[in-house]
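Here are some exercises to work through with the structure open beside you. Try each task before reading its solution.

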Amino acid sequence: MTVTTQDSTRTITVPPAARNTPPPRPRGGRKPLIQFGHWWWALPAVAAVIGVHYVATLTGGFFAFTNWTGLGDWDFIGLANFERIFSDPQLLGSVWNTLFLAFGSVILTNVFGLLYALAINRMLKTRYILRTLLFMPVVLSPLAVAYVWKFIFQFDGPLNGFLGLIGLEEFQKVWLADPTWSIWAILITVVWQQTGFVMVIYLAGLASVPIEVEEAAALDGAGIWGRFRHVVVPAIRPSIAIATTLGIIQGLRIFDQILALTGGGPAGATETLATEVYKQAFSLGQFGFGSSLALVLTLIILVFAILQQYVTRDRDAGKA
Amino acid sequence: MFRYTKLTALREVLVWIVTLVGLLPLYLLVVTSLKTDQEVLTTSAVALPSSVDFSAFVEVLTSTGRNSIPMSILNSVIITVGAIAGLVLLGSLTAYVIARRTRTWTNVTFYLVLIAIILPAQLGTVPLYIGARSVGLTGNALGMILLWIGILLPLSIFLYASFFRGLTTEYEEAAVIDGATPTQAFFRVVLPLMSPATGTVAILAGLIVWNDFFNSLIFLGGSETQTLPVAMYTYVGGLVSAWNKIFAVVIISMIPILAFYMFAQKRFIQGFAGGLKG
């Protein structure tokens with residue numbers, strides 16, 4: 001009895017064909033031995049999830065096709081908002097900045113995070129201390145971290161001071177007011193904070209590689225690269241999928257750091273869809289237009305999240 | 001056959017150098033916050049202060065008015081604790097019903113929760129703001145708490161559900177046979193066994209709520225109630241290059257989180273590595 005109930009709850013994740021346990025009780029059959037709570041316990045949460053996530057998102061999707069300003073009348077204006085987005089160079093620039101920050105941060109955090117995880121994974125006596133130290137920035141507020149980096153990127157700040165010290169005066173810049181480099185300053189801030197998070201995901205994945213397999217590969221003459229390519233990478237493929245998917249989703253939504261570091265400037269050079277949504281909807285009261293920007297951002301997030309899942313899953317299937 | 005050799009020792013030293021260079025920004029943060037107004041301008045950023053000076057902290061902590069830092073700390077604590085309490089209570093109750101009962105509606109609910117985790121929140125922000133404004137839930141802590149419970153419930157339910165699936169039903173059956181009501185069995189027997197799940201939910205939700213800037217900025221914008229990140233943003237906006245004071249605010253905002261992190265770093269790291277995988 002106990003076992004049946006326990007296993008039948010797992011039908012959510014295990015397809016019926018793969019189950020080796022008895023099928024769930026037929027409806028209207030014997031009542032369970034005990035009652036597990038009351039069904040209405042789930043009611044407030046279900047109502048909240050439907051309201052906050054589903055109703056709000058659908059309503060926002062509807063607003064995206066209107067010219068509502070939060071007060072008074074509004075009209076259904078079809079695709080006009082979207083035509084405006086894709087014909088405005090400033091807003092198109094913000095789309096590119098969004099993608100640049102997302103892909104830049106995913107690539108850099110994954111490279112650094114994986115290298116660091118590999119470096120401390122085995123043998124090091126102090127690896128737990130190192131892990132704790134490198135993960136520390138992850139728990140801090142992105143806004144607070146951005147202020148620390150704002151100080152570093154100041155014109156009379158430590159970065160230019162360091163460049164002057166090693167004789168690279170020509171590289172000194174007003175980093176946060178430079179149309180080309182300010183977006184890189186934001187990227188560095190994000191990467192510095194998120195690398196520890198990616199490292200932890202890879203450390204969890206690396207823990208699943210049995211040391212015996214690596215040793216056997218080494219005995220068979222596999223070098224460091226060969227062991228990495230043929231032993232480690234296949235084992236951490238799920239970690240790669242998780243780290244890149246979460247990274248893309250987070251990267252597309254970067255907001256706090258931009259507001260703290262540049263406020264979207266100079267002259268809109270570091271605006272992203274997230275900052276434009278905020279400015280249009282909440283600073284300018286353009287709820288309809290802001291919603292259409294949010295819809296574009298949402299669609300980009302969904303497309304990349306699904307694409308990411310598809311790509312990593314497909315590769316898994318090919319290998320199996 | 002992998003041994004700790006001289007090469008490994010060299011690697012260990014190299015990794016330490018990389019780590020310490022990487023954490024240099026935090027060193028700059030601490031030393032600058034301990035300098036006087038004068039020293040910030042005259043000394044090198046990496047130089048230690050000539051004497052430890054807490055005047056920046058004192059000034060920040062005694063600030064008054066609309067964006068006073070002490071008031072915003074209190075608001076942040078109220079909102080974070082309230083949100084965690086709601087998420088633990090509603091999340092565990094709901095996940096228990098979903099995980100233990102096997103009906104069509106519980107499966108449907110579980111999928112609703114899963115999709116809500118993936119669904120990006122941006123699009124819902126404008127309607128939520130307008131809805132909250134029309135019922136007077138903007139600009140106060142209660143509205144923020146309810147908003148966070150709504151936003152993070154899918155994550156809480158999902159985490160609890162996966163923990164409940166790993167827990168045998170024998171404990172609550174024993175409790176019921178001994179005469180406990182379902183409510184008693186849940187709160188006295190099942191929930192205490194779920195403390196690892198509760199810890200994970202509290203840590204993840206606590207971090208997200210405490211560090212949040214975007215939602216506080218929108219839903220508390222222009223009101224008397226401000227959370228620490230928004231107060232920090234406003235406060236810093238009024239300080240031009242007074243980096244010792246800016247960093248005093250920044251450090252004050254980091255201390256509670258870092259204290260928890262040092263105290264339970266294993267659980268933090270596991271919570272992130274395991275919890276967010278979903």
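**Exercise 1. Describe the annotated domain of chain B, then that of chain A.**

Keep in mind throughout that this is a predicted model.

Step 1. Residues 73–264 of chain B are 81% helix and 0% strand, and the C-alpha atoms at the two ends are 22 Å apart. UniProt, in an unreviewed entry, annotates this span as "domain: ABC transmembrane type-1".

Step 2. In chain A, the annotation "domain: ABC transmembrane type-1" comes from an unreviewed UniProt entry and covers residues 95–308. That span is 76% helix and 0% strand, with its end C-alpha atoms 19 Å apart.

Step 3. Now look at chain A as a whole: it has 13 helices and 0 strands. Of its 320 residues, 42% are buried. Among the contacts in chain A with a separation of 6 or more, 68% join residues 24 or more positions apart.

**Exercise 2. Take the annotated transmembrane regions and check some of them against the model.**

Step 1. For chain A, the unreviewed UniProt entry lists "transmembrane region" at residues 39–65, 95–116, 128–149, 181–204 and 287–307. Two of these can be examined in turn.

Step 2. Residues 128–149 of chain A come out as 91% helix and 0% strand, with 26 Å between the end C-alpha atoms. For residues 181–204 of chain A, the figures are 96% helix, 0% strand and 35 Å from end to end between C-alpha atoms.

Step 3. For chain B, the "transmembrane region" annotation (unreviewed UniProt entry) covers residues 12–34, 73–98, 110–130, 142–164, 185–210 and 242–264. Residues 185–210 of chain B are 96% helix and 0% strand, and their end C-alpha atoms lie 33 Å apart. Residues 242–264 of chain B are 91% helix and 0% strand, with the end C-alpha atoms 34 Å apart.

**Exercise 3. Work out how H6(A) packs against H8(A) and against H2(B).**

Step 1. Start inside chain A. Helix H6 (residues 142–153) and helix H8 (residues 182–206) of chain A have axes 10 Å apart and pack at about 130 degrees. H6(A) and H8(A) are therefore oblique to each other, and their crossing is right-handed.

Step 2. List the residues that meet. H6(A) brings A:Pro142, A:Val145, A:Ala146, A:Trp149 and A:Phe153, while H8(A) brings A:Ala185, A:Thr189 and A:Gln193. Sorted by class, this contact of H6(A) with H8(A) holds 6 nonpolar, 2 polar and no charged residues.

Step 3. Now cross to the other chain. H6(A) and helix H2 (residues 24–33) of chain B pack at about 85 degrees, with axes 10 Å apart. This angle falls between 65 and 115 degrees, so H6(A) and H2(B) are roughly perpendicular.

Step 4. On the H6(A) side, the residues are A:Val148, A:Trp149, A:Phe151 and A:Ile152; they meet B:Pro25, B:Leu28, B:Leu29 and B:Thr32 in H2(B). The contact of H6(A) with H2(B) has 7 nonpolar, 1 polar and no charged residues. A:Trp149 takes part in the contact with H8(A) and in the contact with H2(B).

**Exercise 4. Characterise the interface between the chains, then place A:Ala45 in it.**

Step 1. Chain A contributes 86 residues to the contact and chain B contributes 83 residues. On the side of chain A that touches chain B, H2(A) gives the most, with 14 residues. By class, that side of chain A has 56 nonpolar, 24 polar and 6 charged residues.

Step 2. A:Ala45 lies in helix H2 (residues 43–63) of chain A. Is A:Ala45 buried or exposed? A:Ala45 has 28 C-beta neighbours inside 10 Å and therefore counts as buried.

Step 3. Beyond neighbours within four places in sequence, A:Ala45 is in contact with B:Leu90, B:Gly91, B:Thr94, B:Leu153 and B:Ile157.

**Exercise 5. Describe the surroundings of B:Tyr160.**

Step 1. B:Tyr160 sits in helix H8 (residues 141–165) of chain B. Because 27 C-beta neighbours lie inside 10 Å, B:Tyr160 counts as buried.

Step 2. Which residues does B:Tyr160 touch, not counting those up to four places away in sequence? They are B:Gly91, B:Ser92, B:Ala95, B:Met194, B:Ala197 and B:Val201. B:Gly91 is also among the contacts listed for A:Ala45.

Step 3. Finally, B:Tyr160 and B:Ala242 are 82 residues apart along the chain, and 45 Å separates their C-alpha atoms.

How values were computed. Residues numbered from 1 in each chain as written. Chains lettered and ligands numbered in written order. Predicted model: local features only at pLDDT ≥ 70, side-chain atom pairs only at ≥ 80, totals over all residues. UniProt positions renumbered as here; feature names shortened; annotations may be inferred. Helix = DSSP H or I, 4+ residues; strand = E, 2+ residues; numbered from the N terminus. Axes fitted to C-alpha atoms, helices over the stretch in contact; angles between N-to-C directions. Parallel < 35°, antiparallel > 145°, perpendicular 65-115°, else oblique. Left-handed = near helix turned anticlockwise from the far one by under 90°. Contact = placed C-beta atoms within 7 Å. Nonpolar A, V, L, I, M, F, W, Y, C, P; charged D, E, K, R; others polar. Buried ≥ 20, exposed ≤ 12 C-beta atoms within 10 Å, placed from the backbone.
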